[in-house]
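Work through the exercises below with the sequence and model at hand. Try each task before reading its solution.

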Amino acid sequence: MTRIARSPGEATGRAAERGRPVGVLVVDDSLVFRTGMTRAVQACDAMQLVGEADGGTAALEAIAHLDPDLVILDLLMPDLDAFGVLRALHAQDTPPECRVLVISATLDDKVERELLAAGADACMSKASSRASICDEALRLVAQ
């Protein structure tokens, strides 16, 4: 299931370059975490929620259709994990330009190194505050 939270005419894609809020896609199979993260994104004036997805396969579809500036991506999902999503994105002839922030409850140094090598732009623990995750997301897009 991909739930798209976009209204016609709202900015997506390279919004930051156009002086608009950063378009964010939130991907997590946990409804509780996904809801909390989408609310945090919606509460940040510099961000705009363009969509949410409940798994890796839905994330790939949403990325293709929504062209987000940033994807907040859960590491472990039952259908396709973050490694599978990153591999699929980077295997495309023209990979999307979005930044990917991987979040996980089970993050350790080894997994973080592997995710960065696979193409993630940054990794954070789900134990981090939602505000910290949003701050890191904005920092990534500003690079």
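## Exercise 1: Contacts and overall make-up

Among contacts in the protein between residues at least 6 apart in sequence, 68% join residues at least 24 apart.

**Task.** Describe the fold behind these contacts: how many helices and strands does the protein have, and what pattern do they follow?

**Solution.**
- Step 1. Note that this is a predicted model.
- Step 2. Count the elements. There are five helices and six strands.
- Step 3. Read them along the sequence. The pattern is β-β-α-β-α-β-α-β-α-β-α.
- Step 4. Turn to burial. Of the 143 residues, 47% count as buried.
- Step 5. Turn to the surface. The accessible area is about 6,900 Å². Carbon and sulfur atoms hold 50% of that area.

## Exercise 2: Confidence

**Task.** State which element has the lowest mean pLDDT and which the highest.

**Solution.**
- Step 1. Start with the whole chain. Its mean pLDDT is 87, and 87% of the residues reach 70 or more.
- Step 2. Rank the elements. Strand β1 (residues 2-3) has the lowest mean, 44. Strand β4 (residues 70-74) has the highest, 97.
- Step 3. Look at the N-terminal stretch. Over residues 1-13 the pLDDT is below 50. Beyond near neighbours in sequence, this stretch has 34 contacts in the model.

## Exercise 3: Strand β4 and its partners

**Task.** Decide whether β4 is enclosed or open, then trace its pairing with β2 and β5.

**Solution.**
- Step 1. Check burial. Five of the five residues of β4 are buried, so the strand is largely enclosed by the rest of the structure.
- Step 2. Split the strand by face. Leu-70, Ile-72 and Asp-74 lie on one side, Val-71 and Leu-73 on the other. Both faces are covered.
- Step 3. Pair β4 with β2. The two strands run parallel over four bridges. Val-26 has Ile-72 of β4 as its bridge partner.
- Step 4. Pair β4 with β5. Five bridges join them, again in a parallel sense. Leu-73 is bridged to Val-102 of β5, and Asp-74 to Ile-103 of β5.
- Step 5. Check β5 (residues 99-104) itself. Five of its six residues are buried, so β5 is also largely enclosed by the rest of the structure.

## Exercise 4: Two buried strand residues

**Task.** Find what surrounds Ser-104, and say how far Gly-23 is from Asp-69.

**Solution.**
- Step 1. Place Ser-104. It belongs to strand β5.
- Step 2. Check its exposure. Ser-104 has a relative accessible area of 2%, so it is buried.
- Step 3. List its contacts, leaving aside neighbours within four places in sequence. They are Asp-74, Leu-75, Met-124, Ser-125 and Lys-126.
- Step 4. Follow Lys-126. This residue lies over the face of Phe-33, at 4.7 Å from the ring centre. Aromatic pairs, by contrast, number zero in the structure.
- Step 5. Place Gly-23. It sits in strand β2 (residues 22-27), and at 0% relative accessibility it counts as buried.
- Step 6. Take the distance. The C-alpha atoms of Gly-23 and Asp-69 are 5.1 Å apart, with their positions 46 residues apart along the chain.

## Exercise 5: Helix α5 and the chain end

**Task.** Contrast Cys-134 and Gln-143: which is buried and which is exposed?

**Solution.**
- Step 1. Place both. Cys-134 is in helix α5. Gln-143 is in the segment after α5 (130-142).
- Step 2. Compare the accessibilities with the cut-offs: under 20% is buried, over 50% exposed. Cys-134 has 5%, so it is buried. Gln-143 has 55%, so it is exposed.
- Step 3. List the contacts of Cys-134, leaving aside neighbours within four places in sequence. They are Met-37, Ala-40, Val-41 and Met-47.
- Step 4. Add C-alpha distances. Cys-134 and Leu-101 are 33 residues apart along the chain and 10.0 Å apart in space. Gln-143 and Arg-99 are 44 residues apart in sequence and 9.8 Å apart in space.

## Exercise 6: A positive phi

**Task.** Say where Asp-67 lies and whether it is buried, partly exposed or exposed.

**Solution.**
- Step 1. Read the backbone angle. Phi of Asp-67 is near 50°, a positive value in a residue other than glycine.
- Step 2. Place the residue. Asp-67 is in the loop between α2 (56-66) and β4.
- Step 3. Check its exposure. The relative accessibility is 33%, so Asp-67 counts as partly exposed.

Notes
Residues are numbered from 1 along each chain as its sequence is written. This is a predicted model: local features need pLDDT of at least 70, side-chain atom pairs count only at pLDDT 80 or more; totals for chains, interfaces and linings use all residues. Side-chain values use heavy atoms; hydrogens and water are left out. Rings of Phe, Tyr and Trp (its six-membered ring) pair if their centres lie within 6.5 Å; planes under 30 degrees apart count as stacked, over 60 as edge-to-face and the rest as tilted. A charge sits over a ring if NZ of Lys or CZ of Arg is within 6 Å of the ring centre and within 35 degrees of the ring normal. Buried means under 20% relative accessible area, exposed over 50%, partly exposed in between (1.4 Å probe, protein chains only). Contact means heavy atoms within 4.5 Å. Accessible areas come from the Shrake-Rupley method with a 1.4 Å probe; for residues, only the protein chains shown count as cover. pLDDT is the predictor's confidence in each residue, from 0 to 100. Two strands pair if DSSP finds at least two bridges between them.
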